[in-house]
Amino acid sequence: LGPGLVTGAADDDPSGIATYSQAGAQFGYGLLWTVFLTTPFMIAIQIVSAQIGRVTGKGIIANVKDFAPRWLVISLVSILVIANTFNIAADLAAMGEALSLVIGGLNREHALIFAATSVLLQVFVRYRRYAPVLKILTLVLFLYVATAFTVHIPWGEAFARAVWPAAEVNRDYLLMVVAVLGTTISPYLFFWQASQEVEDMKQNRPRRPLKERRPLKELLRGGESEIDRIALDTKVGMVFSNVIAFFIILTTAAVLNAGGVTNIRSAAEAAGALRPLAGDLTFAMFALGIVGTGLLAVPVLAGSAAYCVAEAFGWPATLEAKAPDAVGFYSIIAAATVVGLALGYTPIDPIQMLIWSAVLNGIVAVPIMTVMMVVVTRLSVMGRFSARPTLTFFGWAGTALMAVTVFALLWSSIG
């Protein structure tokens, strides 16, 4: 387990926790079904991204550059960087607020410490030592499983509603469905997992991209086993991600919705609302989970932005490089994190930043997923490792689902 596990865990960032908490608080158990709906599409599109990285030895943008016009590449990268920066801002704000709720102190000072820690680790700790740190941080997410068992949950009702929602379908309900889908399938995850496959390929025993191996040697040296490893890693990571989302919705539905709290504006606010209704232990576990997931997600957000920009301009793009050897790459990581931190000092509402981030992510996701599906099905690019029919079907189905999601999001925003 490696890039797939870390990517799946990074999907449950503080912004995602806020979305899932609002889903549970506002609609109770009525949106538990969404985590089952998104799982196969998440798995498919993340396997696509990972295979592109491992088979070609290049990240997604580096592959897209080979056939897409430069203006399109720059436009997609720009939107992704802006969306990631807003997401970082919301995550840092939530982390600072959550820690302040637990130990006291000032929100912004805590956020500054988290931002500095994230940048310093990425710039000065080489990838082979940093990757295990990210893996360890995924364990923090089990706090949300444990939290569910500190409160009373009517399991029969919860699972019945997960299978048969029986909810009133209105504009607010559809908007929350769109928000959950947009939070679960995010572009930064595509770029991160593809680039981490490239990083892993180059570490320890440097290996060639799979497409460069001759068929006989490929079989002898485990080409097919690499594809199987990617599939297992990604399936575990995405199922893990959605299991955590399930338990967050479950807990907030059982406590907040049942207690009459139906409006949550941030992950930290969800934690604070749990305290009087469920007690200090539940509150502390939920709040510390926000901090832990943020420490995992902020580097992924900043790193994915840096990989995209570096690949677009042909700069060295690796967390293994020393700072002087990849100035552009590390500058993007630092800039995205610093600007995200600075946005927390402005009058802009963190919830507004989340909305902008969701809209931008949705807009950029559809063309990126479309391009990824074109790449992964091209024999000229992937060789004998081009996508199999099942992967192709779910990949295109996931792309169509995101297109419908974006349309619904834009329609609801206009309406």
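These notebook entries record what I looked up in a predicted model.

**Entry 1: nonpolar core**

I began with the largest nonpolar core and found that it has 135 residues. Leu 92, Phe 286, Ile 290, Leu 319 and Phe 329 have the most contacts inside this core. I then asked which helix gives the most to the core. Helix α15, residues 280-313, does so with 17 residues.

I listed the contacts of Phe 329, leaving out residues up to four places away in sequence. Phe 329 touches Gly 303, Ala 306, Tyr 307 and Ala 310, and also Trp 315, Pro 316, Ala 317, Thr 318 and Leu 319. I note for context that nonpolar side chains tend to be buried together in soluble globular proteins.

**Entry 2: salt bridges**

I searched the whole structure for salt bridges and obtained five. One of them joins the side chains of Glu 226 and Arg 54, at 2.7 Å from N to O. Glu 226 lies in helix α13 and Arg 54 in helix α3 (residues 33-56), so this pair ties together parts that are 172 residues apart in sequence. I checked both partners for burial, and both Glu 226 and Arg 54 are buried.

Glu 226 also meets Arg 229 in a salt bridge, at 3.3 Å from N to O. Arg 229 and Glu 226 are three residues apart in helix α13, so about one helical turn separates them. I compared their accessibility: Glu 226 counts as buried at 11%, whereas Arg 229 counts as partly exposed at 26%.

I next examined Asp 280 and Arg 275, whose closest N and O atoms are 3.2 Å apart in a salt bridge. Asp 280 has 52% relative accessibility and therefore counts as exposed, while Arg 275 is partly exposed at 36%. Salt bridges that share partners join Arg 54, Glu 197, Glu 226 and Arg 229 into one network.

**Entry 3: surface patch**

I asked which residues form a nonpolar patch on the surface. Leu 1, Leu 232 and Val 236 do, with about 280 Å² of accessible area together. I located Val 236 in helix α13, residues 223-257. Val 236 has a relative accessible area of 32% and is therefore partly exposed.

**Entry 4: helix α10**

I checked the length of helix α10, which has 14 residues (171-184). At 1.5 Å a residue the helix should span 20 Å, and its end C-alpha atoms are 20 Å apart, which agrees. I recorded its buried residues as Tyr 173, Met 176, Val 177, Val 178, Val 180, Leu 181, Thr 183 and Thr 184.

Methods. Residues numbered from 1 in each chain as written. Predicted model: local features only at pLDDT ≥ 70, side-chain atom pairs only at ≥ 80, totals over all residues. Heavy atoms only, no water. Core = buried A, V, L, I, M, F, W, Y, C linked by side-chain atoms within 4.5 Å. Buried < 20%, exposed > 50% of the residue type's maximum accessible area, 1.4 Å probe, protein only. Helix = DSSP H or I, 4+ residues; strand = E, 2+ residues; numbered from the N terminus. Contact = heavy atoms within 4.5 Å. Patch = residues over 30% accessible without salt bridge, like charges linked within 9 Å, V, L, I, M, F, W, Y side chains within 5 Å. Areas by Shrake-Rupley, 256 points an atom, 1.4 Å probe, with all protein chains shown as cover. Salt bridge = Lys/Arg side-chain N within 4 Å of Asp/Glu carboxyl O. Expected span 1.5 Å × (residues − 1).
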